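Me: I am new to this structure. Please take one part and go through it closely, in plain terms.

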Amino acid sequence: MTSVRSNILDTIGNTSILQLRNVIPSNGVRILLKIESSNPTGSMKDRMALAMITAAEDDGRLKPGGAVVEYTGGSTGVSLALVCSVKRHPLHVVTSDAFAKEKLSHMRLLGAKLTVIPSDNGKQTEKLTKDMIREAHALAERTGAYITAQMDNTDQLYAYTKLADELYEQTNGQIDVFVQSVGSGACLRGVSERLRQRNSKIRFVAVEPAESAVLSGGPSGSHNIDGVGAGYVVPLWKDGIADEFQGVSTADARAMAFRLAHEEGLFCGLSTGANVTAALRVAESLKPGSTVVAIMCDSGMKYMTSFSQQFESD
């Protein structure tokens, strides 16, 4: 019997993993999906938000009741808003109208104050990312708030070390390839470092928007996959994290997100659609009986407005 939890933060992590039954390759390779949408805000970012705030509290960078600032496309902001509401830290988020309206509303409902930077026609670009970062740092300097600065923050790697351990235990170590889309780079870096310690034969695939595949040497461009593809090589990224790169277009990521809903009952966002698209591609080159693991990054409930608009335009 599960004991009574002391607060909502105690429910973060230890999410389920499941095998896809219909969205599968033709060669008998297993694709397993870690269901991070079951975290409290419906996102894997709950893990890293808790790790960043806890580490800063523990070493005194963040005082009791101290204010927090972050720049974010939404999921990190929602997760920080949850953690800060429970831990009683005022939160100011710098974000943009390029990201899902549901995420901005969720942050506000959890008590965050928002500064919304205008985008170029709703597209995520390198310029927008850097404008948000610049504004957040200026805000923190003006107010004396603690900036979590997710693009540079190594405290979050602890969260993904724990995620890697969960994956390894849940699969009994049977992982041939791990596939993950790259935003700040922290998830793939933290998971790969830990899993390589446990099995050096596991391969790691970095997924990025085909329109802005900068990690694999392509030009910076604009796309609509929330939370990934910053448009430049992010500070937490290091050579050797990935053994392979897969570029997935916004259109392909959206089509896969809808397919997962229709065929697997999994309602997810576009970053998950990109992950599964890449996982299927990688699986086709593997031996039967191999296992590819990917992350269901968040819930499709965060994108209802844009998904509804897509249906209306079809």
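Reply: **Helices α1, α2 and α3**

In α1, the buried residues are Lys45, Asp46, Arg47, Met48, Ala49, Ala51, Met52, Ile53 and Ala56. Buried means under 20% relative accessible area, exposed means over 50%, and partly exposed lies in between (1.4 Å probe, protein chains only). The model is predicted, so local features need pLDDT of at least 70 and side-chain atom pairs count only at pLDDT 80 or more, while totals for chains, interfaces and linings use all residues. Residues are numbered from 1 along each chain as its sequence is written, and side-chain values use heavy atoms, with hydrogens and water left out.

Helices (H or I, at least four residues) and strands (E, at least two) are DSSP runs, numbered from the N terminus. The expected span of a helix is 1.5 Å times one less than its number of residues. The 14 residues of α1 should therefore span 20 Å at 1.5 Å a residue, and this agrees with the 20 Å between its end C-alpha atoms. The buried residues of α1 pack against β2 (30-35), β3, α2, β6 and α5, where contact means heavy atoms within 4.5 Å. After α1 comes Gly60, with a positive phi near 90°.

The main part to look at is α2, residues 75-87. This helix has 13 residues, and its first and last C-alpha atoms are 18 Å apart, close to the 18 Å expected at 1.5 Å a residue. Ten of the 13 residues of α2 are buried, which leaves the helix mostly covered. The buried ones are Ser75, Thr76, Gly77, Val78, Ser79, Leu80, Ala81, Leu82, Val83 and Cys84. Their cover includes α1 (45-58), β3 (68-71), β4 (91-96) and α3 (101-109). Just past the end of α2, Arg88 has a positive phi of about 65°.

Two packed helices are described by the angle between their axes and the distance between the axes. Axes here are lines fitted to C-alpha atoms, for helices over the stretch in contact, and angles run from 0 to 180 degrees between N-to-C directions. Angles under 35 degrees count as roughly parallel, over 145 as roughly antiparallel, 65 to 115 as roughly perpendicular and the rest as oblique.

For α1 and α2 the packing angle is about 50° and the axes are 8 Å apart. The two helices α1 and α2 are therefore oblique to each other. Their crossing is right-handed; a crossing is left-handed if the near helix is turned anticlockwise from the far one by less than a right angle, and right-handed if clockwise. On the α1 side, the residues that meet α2 include Met48, Met52 and Ile53. On the α2 side, those that meet α1 include Ser79, Leu80 and Val83.

For α2 and α3 the angle is about 15°, with 9 Å between the axes. These two helices, α2 and α3, are therefore roughly parallel, and their crossing is left-handed. Ser75, Gly77, Val78 and Ala81 of α2 make this contact with Lys103, His106 and Met107 of α3.

Two loop residues elsewhere share a backbone feature with Arg88. Most residues other than glycine have a negative phi. Asn121, in the loop between β5 (113-117) and α4 (126-143), has a positive phi of about 60°. Asn121 counts as exposed because its relative accessibility is 71%. Ala149, in the loop between β6 (146-147) and α5 (157-170), has a positive phi near 50°. Ala149 counts as buried because its relative accessibility is 9%.
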